[in-house]
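Subject: Structure handover

Hello,

Here is the structure we talked about. Please open it first, then read my notes below.

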Amino acid sequence: MKSIKIPRELKKMNEIFESGGFEAFLVGGAVRDFFLGKNGSDWDVATNARPEDVQKLFKKVIPTGIAHGTVTVHLLGKEIEVTTYRADGKYSDGRHPDSVSFAATIEDDLSRRDFTMNALAASLKDGKIIDPFGGKNDIKCRTIRSVGVARDRFLEDGLRPIRAIRFSAQLQFRIERETLDAITLPEVREKIRSISMERFRDELSKILSYEEPSNSLKLMERTGILSDFLPELAICRGVAQADVRGFHEFDVLDHSFYACDGAPRENAIVRLAALFHDIGKKDAQTSEIVEIPRGSGQMHNIIHFHKHEEYSAEKVVPILTRLKYPNAVIERTAHLIKNHMFFFNDSWSDAAIRRFIVRIRPDCVDDILALWKADIYGMHRRPVAPGSQTAENMNRLRERIEKLEKEATALSLKDLAVNGTDLISIGINPGKMLGRILEELFQCVLDDPEMNERDRLLLVAQKLNERYTM
């Protein structure tokens, strides 16, 4: 294919550029996506017009990155990023070039780009493809390859190796051998470590949003990036879980990767929770020799991880804080991890279900059940089978939760028929004792929702106060 169809908005843009004696090309991901059969609407344009020329040619231009030759043009309802052909200098900070000089041709501009699949351009005039580095063929072969020498490209910007890994997840492409090997070079590793946590976090979040993040997470481990940025996760490699009971097939790290695969890709917080839900297992691991089955005389080594969910919840907070995730994301992720261990069966009473809802919080019910399914997926890399005992248990638990949530029962202190002011009105002093009595009233209502009446609760409160003040 020697040309592509240019959208009408870009054709109009080209007419304006030509009226000023300039040329312009569609570049980057939009061209790559065209060859992948996708219709992208996020357009980047490269031109030989200088930023000041672009500002004169178009009515509405925002100087979004004018120091680097980039402006945003508003045209026919579209926001189009326009950058003057560039030839970058050295990248001392591992992100921005020390100096930017404008290049003469589109080929010069493409030569500074990261990967061949992104070093394609299409003329806005006729859609003719410019492909100086074999990007079309690499896209056809589903290959990620650096433009020029991989080491040089990566030393310009420490984020590029992580972007290569992220693209492999996004596009399901393989990273070409020389490009992949360059990521492990000591000087490249040092450059990668120099990037900000925010830039790493953004790439990680994108990786976690794709179909099977485990593939890229393993590449991050293989290249050393995982141990550099997430050492608490990397040390889970080799932490064994498999024993005669057959609950687990993989070590803690692979289980965590696959649990992440099993979490819903549209739910970023559950994906984060799945990735980190077992990072406390290394600290919690114990083992014992047990006769299984009893009376058989056969002794087996059984592995335990008591309270690992608490260790994991504690460890994830500084990790996500270091990565500069929002506080709300950190709190919810830690909450899901802390409460991901539960073993429901039909023996649970309604009171037990209500206490479960209170413990995990009503707004977290869907997330905790999604994390449960992800955890099970990660055990053997298989989804919960329809009609299985586990599937039936999940369905029954959800049905019972929905039933109790529909009933007018108290699932938080604010749902009680009394409050602190009511207790003070009957002579209970403000302070810790009042809070303790409110909590006991709440537990009483969880056991018996019919107790949630003002007069009945005040009577119970009075008796509790008398008992505690004797």
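Which residue follows α20, and is its phi positive or negative? Arg381 does, and its phi is positive, near 60 degrees.

Some ground rules. This is a predicted model: local features need pLDDT of at least 70, side-chain atom pairs count only at pLDDT 80 or more, and totals for chains, interfaces and linings use all residues. Residues are numbered from 1 along each chain as its sequence is written, and side-chain values use heavy atoms, without hydrogens and water. Helices are DSSP runs (H or I, at least four residues), numbered from the N terminus.

Helix α20
Helix α20 covers residues 365-380. Its 16 residues should span 22 Å at 1.5 Å a residue (1.5 Å times one less than the number of residues). The end C-alpha atoms are 24 Å apart, which agrees. Of the 16 residues, 12 are buried (under 20% relative accessible area, 1.4 Å probe, protein chains only). Among them are Trp372, Asp375 and Tyr377. The buried residues pack against α14, α15, α18, α19 and α21 (contact means heavy atoms within 4.5 Å).

Helices α23 and α24
Helix α23 (432-447) packs with α24 (454-468) at about 130 degrees, axes 10 Å apart. Axes are lines fitted to C-alpha atoms over the stretch in contact, and angles run from 0 to 180 degrees between N-to-C directions. That makes α23 oblique to α24 (not under 35, over 145 or 65 to 115 degrees). Residues of α23 in the contact include Met433 and Leu441. On the α24 side, Leu457 and Tyr468 are among those met.

Best wishes

How values were computed
Helix = DSSP H or I, 4+ residues; strand = E, 2+ residues; numbered from the N terminus. Buried < 20%, exposed > 50% of the residue type's maximum accessible area, 1.4 Å probe, protein only.
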